[in-house]
Amino acid sequence: MTMSESLELVSANKSFGGWLKRYKHRSRALDCEMVFSIYLPPQAESEKVPLMWWLSGLTCTDENFMQKAGAHRVAAELGVAIVCPDTSPRGLDLPGEHDSYDFGSGAGFYVNATQAPWSAHYRMYDYVAEELPSVVRQHFPVNGRESISGHSMGGHGALIMALRRPGHYAAVSAFAPVVNPTVVPWGKKAFSQYLGEDPSAWTQYDACELVAKGASRQALFIDQGEADNFLEEQLRPERLETVCAEHDHPLTLRRQPGYDHSYFFIATFIEDHLRYHAERLHK
């Protein structure tokens with residue numbers, strides 16, 4: 001299978017000596033066309049490089065992080081590629097899919113839906129964990145060393161991906177993640193419709209529950225803005241802090257005074273995260 005048969009180049013921009021490229025492909029897991037972005041640092045011209053996955057939050061696409069986070073300069077210096085998937089299937093127009101910002105389009109929550117009509121397409125866990133990595137490994141100069149990070153809903157996705165797959169990622173970090181979705185409004189709304197009304201089916205996608213069950217000993221690195229307007233109702237980082245303390249799970253949780261939920265927050269601290277990832281990716 002050639003690249004031209006499976007991937008369609010949407011755009012390409014030179015950036016800090018490397019390339020930001022967007023590709024379209026047909027996803028088997030989601031049964032629709034998807035677009036993803038990849039930043040290839042200049043080192044990728046001559047050697048295989050490690051890769052950091054970035055999972056974005058509600059309403060985002062593959063473009064938000066690449067355009068707003070200011071990550072390319074540091075990624076180019078460190079020789080780390082970055083891949084950003086989209087946040088949900090696209091182009092389906094299922095009933096109710098576009099009715100609200102926190103469910104359906106742009107809000108896949110990185111789960112494999114089990115309830116109709118979502119189960120036929122909303123399988124973002126499989127897409128991010130299995131299908132897209134296979135596509136990336138097939139077509140780009142990556143060396144098999146991977147890490148994962150994300151923001152908000154995507155921070156939730158990064159945490160559960162790492163905790164459910166011990167040893168797969170060299171590092172995991174998150175910005176303002178939804179750490180306990182089974183008990184907060186965003187999670188309850190999405191999980192009840194994607195996964196059904198039985199909360200016991202939700203726990204496999206909840207970082208707090210996974211830590212409590214001892215799913216993995218993966219060290220967690222989190223930044224949380226103290227002026228985040230979603231902090232008390234949706235994010236609840238103290239819940240993860242408590243369960244990690246109870247189970248002696250390694251956690252670094254930095255509370256950043258004055259910072260909100262926006263990409264200004266991410267852009268401020270992304271260099272710290274990239275260096276954290278690179279140190280572990282290059283070991």
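**Figure 1. Ser152 is placed in the loop between strand 6 and helix 5.** The view, like those that follow, is drawn from a predicted model. Although Ser152 is not a glycine, its phi is positive, at about 60°. Is Ser152 buried or exposed? With a relative accessible area of 3%, Ser152 is buried, because a residue counts as buried when this value is under 20%. Strand 6, on one side of this loop, spans residues 142-150 and returns in Figure 2.

**Figure 2. Ser149 is a buried residue of strand 6.** The relative accessibility of Ser149 is 0%, so Ser149 counts as buried. Which residue does the side chain of Ser149 meet in a polar contact? The partner is Ser173, whose side chain is joined to that of Ser149 by a polar contact of 2.8 Å. Leaving out residues up to four places away in sequence, Ser149 also touches several others, among them Met52, Trp53, Trp54 and Leu55. Further along the chain, the residues touched by Ser149 include Ala158, Ala174 and Phe175. Two histidines, His273 and His277, are likewise in contact with Ser149.

**Figure 3. Asp62 lies in the loop between strand 4 (49-55) and helix 2 (63-68).** The relative accessibility of Asp62 is 1%, and for this reason Asp62 counts as buried. Which side chains make polar contacts with the side chain of Asp62? One of them belongs to Arg22, at 2.8 Å, and another belongs to Ser37, at 2.4 Å. When neighbours within four places in sequence are set aside, the residues in contact with Asp62 are Arg22, Val35, Phe36, Ser37, Cys84, Pro85 and Asp86. For a sense of scale, a residue outside this list may be considered. The C-alpha atoms of Asp62 and Ser200 are 31 Å apart in space, and the two residues are 138 apart in sequence.

**Figure 4. Cys84, in strand 5 (residues 81-84), is in contact with Asp62.** In sequence, Cys84 and Asp62 are 22 residues apart. How many Å separate their C-alpha atoms in space? The distance is 5.1 Å. Cys84 is buried, since its relative accessible area is 0%. Beyond its neighbours within four places in sequence, Cys84 is in contact with Phe36, Ser37, Trp54, Asp62, Phe65 and Met66. Phe36 and Ser37 appear among the contacts of Cys84 and also among those of Asp62.

**Figure 5. The loop between strand 5 and helix 4 (124-139) holds Pro117 and Tyr110.** What form does the peptide bond from Ala116 to Pro117 take? This bond is cis, and its omega is near 0°. Tyr110 has a positive phi, near 55°, although the residue is other than glycine. The relative accessibility of Tyr110 is 0%, so Tyr110 counts as buried.

**Figure 6. Helix 6 (residues 185-194) carries several buried residues.** These are Trp186, Gly187, Ala190, Phe191, Ser192 and Tyr194. Which helices help to cover the buried residues of helix 6? The cover includes helix 5 (153-164) and helix 8 (231-235). Just after helix 6 comes Gly196, which has a positive phi of about 100°.

**Figure 7. The protein as a whole contains 10 helices and nine strands.** Its radius of gyration is 18 Å, close to the 19 Å given by the globule rule for 283 residues, so the protein is as compact as a globular protein of that length. Along the principal axes, the C-alpha atoms fill a box of roughly 50 × 40 × 30 Å. Of the 283 residues, 57% count as buried. What share of the contacts between residues at least 6 apart in sequence joins residues at least 24 apart? The share is 72%. The contact between Asp62 and Ser37 is one between residues separated in sequence, and a polar contact of 2.4 Å links their side chains. The accessible surface comes to about 11300 Å², of which 48% belongs to carbon and sulfur atoms. The protein has 26 positive and 35 negative charges, and the mean positions of the two sets are 5 Å apart.

Notes:
Residues are numbered from 1 along each chain as its sequence is written. This is a predicted model: local features need pLDDT of at least 70, side-chain atom pairs count only at pLDDT 80 or more; totals for chains, interfaces and linings use all residues. Side-chain values use heavy atoms; hydrogens and water are left out. Helices (H or I, at least four residues) and strands (E, at least two) are DSSP runs, numbered from the N terminus. The radius of gyration is taken over C-alpha atoms; the globule rule is 2.2 Å times the number of residues to the power 0.38. Buried means under 20% relative accessible area, exposed over 50%, partly exposed in between (1.4 Å probe, protein chains only). Contact means heavy atoms within 4.5 Å. Accessible areas come from the Shrake-Rupley method with a 1.4 Å probe; for residues, only the protein chains shown count as cover. Lys and Arg count as positive and Asp and Glu as negative; His and the chain ends are not counted. The place of a charge is taken as NZ of Lys, CZ of Arg, CG of Asp or CD of Glu. A polar contact is a pair of N or O atoms within 3.5 Å; within protein, one must be able to donate a hydrogen and the other to accept it, and residues adjacent in sequence count only if both atoms are side-chain atoms.
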